[in-house]
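This report describes the fold, the nonpolar core and selected local contacts of one protein chain. The sequence and the model are shown first, and the description follows.

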Amino acid sequence: MFERFTGGARAVVTGAVDQARKTGSDSVTEDHMLLALLDQQGNRAAFAVAALGLIDHRASVEAALTEARRRGGLTKADADALAGIGIDVTEIVARIEDAHGEGVLAADRKDRRGRSGRPAFARSAKIILEKSLRVAVGRGDRFIGEEHILLAFTVTPGVVADVLTEHGATHEAVTRALYGAGGAEGQAKAG
């Protein structure tokens with residue numbers, strides 16, 4: 001599949017590895033991929049994230065991702081649903097951190113480095129890459145670009161999709177930013 005990636009998509013993947021190394025993570029997650037995508041310049045996805053204001057709100061995006069990691073990867077919707085039945089996730093996280101140390105829920109559970117010593121891709125990151133292929137095929141493209149990765153984030157339930165939605169980057173908004181008002185034509189929502 002990697003041979004079908006454009007230079008921009010490859011830069012997202014290698015940038016995600018760099019993000020993981022920078023944070024000392026043993027695995028590359030979809031969070032790292034999103035941050036690497038936000039670092040891109042001069043391509044279709046970079047234009048879209050700039051048009052959607054994600055570049056201007058990068059600190060807010062990073063803070064939301066950090067907070068979700070602190071909650072053990074629970075999305076805001078998950079935390080709200082639990083609150084609806086009387087479970088205060090913030091209180092639980094505080095108690096766990098009091099007992100085991102700050103950020104314990106965000107820590108990698110095991111060393112996932114490959115034989116090369118590089119961080120391995122977490123299942124969630126692999127799912128994003130697979131969805132980007134489905135998005136590309138659904139659009140009729142013969143390549144996988146960084147724009148397909150961006151769209152894959154919006155159609156894959158989880159923390160990254162929630163953070164993007166909180167910042168106005170829904171699937172529909174991203175599609176419009178990437179392809180204009182007629183962007184939905186020839187586009188299948190990956191599922």
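His57 counts as partly exposed because its relative accessibility is 45%, which lies between the limits of 20% for buried and 50% for exposed. The model under discussion is a predicted one. His57 belongs to the loop that joins H3 and H4. Its C-alpha atom is 8.0 Å from that of His167, although 110 residues along the chain separate the two.

A second loop residue, Thr156, lies between helix H8 (146–155) and helix H9 (159–166). Thr156 has a relative accessible area of 12% and is therefore buried, the limit being under 20%. A polar atom of the Thr156 side chain is placed 2.7 Å from the backbone oxygen of Ala152. When residues up to four places away in sequence are not counted, Thr156 touches Ile127, Ile128, Lys131 and Ala161.

The two loop residues are set out below.

| Residue | Loop | Relative accessible area | Class |
|---|---|---|---|
| His57 | between H3 and H4 | 45% | partly exposed |
| Thr156 | between H8 and H9 | 12% | buried |

The protein as a whole contains 10 helices and 2 strands. Along the sequence these elements follow the pattern α-β-α-α-α-α-α-β-α-α-α-α. The chain has 191 residues, of which 43% count as buried. Among contacts with a separation of 6 or more, 66% join residues that are 24 or more positions apart.

The largest nonpolar core comprises 42 residues, and the members that touch the most others are Met33, Leu34, Leu37, Leu65, Ile149 and Phe153. Two or more core residues come from each of helix H1 (7–23), helix H2 (30–38), helix H3 (44–51), helix H4 (58–70), helix H7 (123–139), H8, H9 and helix H10 (171–179). Phe153 illustrates these connections: apart from neighbours within four places in sequence, Phe153 is in contact with Glu30, Met33, Leu34, Leu37, Ile128, Val160, Ala161 and Leu164. Ile128 and Ala161 also appear among the residues that Thr156 touches.

How do H3 and H8 pack, and what is the angle between them? Their axes are 7 Å apart and form an angle of about 45°. The two helices are therefore oblique to each other. H3 contributes Arg44, Ala45, Ala48 and Val49 to the contact, while H8 contributes Glu146, Glu147 and Leu150. By class, the residues of this contact comprise 4 nonpolar and 3 charged, with no polar ones.

Methods: Residues are numbered from 1 along each chain as its sequence is written. This is a predicted model: local features need pLDDT of at least 70, side-chain atom pairs count only at pLDDT 80 or more; totals for chains, interfaces and linings use all residues. Side-chain values use heavy atoms; hydrogens and water are left out. Helices (H or I, at least four residues) and strands (E, at least two) are DSSP runs, numbered from the N terminus. Buried means under 20% relative accessible area, exposed over 50%, partly exposed in between (1.4 Å probe, protein chains only). A polar contact is a pair of N or O atoms within 3.5 Å; within protein, one must be able to donate a hydrogen and the other to accept it, and residues adjacent in sequence count only if both atoms are side-chain atoms. Contact means heavy atoms within 4.5 Å. A nonpolar core is a set of buried Ala, Val, Leu, Ile, Met, Phe, Trp, Tyr and Cys residues joined through side-chain atoms within 4.5 Å. Axes are lines fitted to C-alpha atoms, for helices over the stretch in contact, and angles run from 0 to 180 degrees between N-to-C directions. Angles under 35 degrees count as roughly parallel, over 145 as roughly antiparallel, 65 to 115 as roughly perpendicular and the rest as oblique. Ala, Val, Leu, Ile, Met, Phe, Trp, Tyr, Cys and Pro count as nonpolar, Asp, Glu, Lys and Arg as charged, and the others, Gly among them, as polar.
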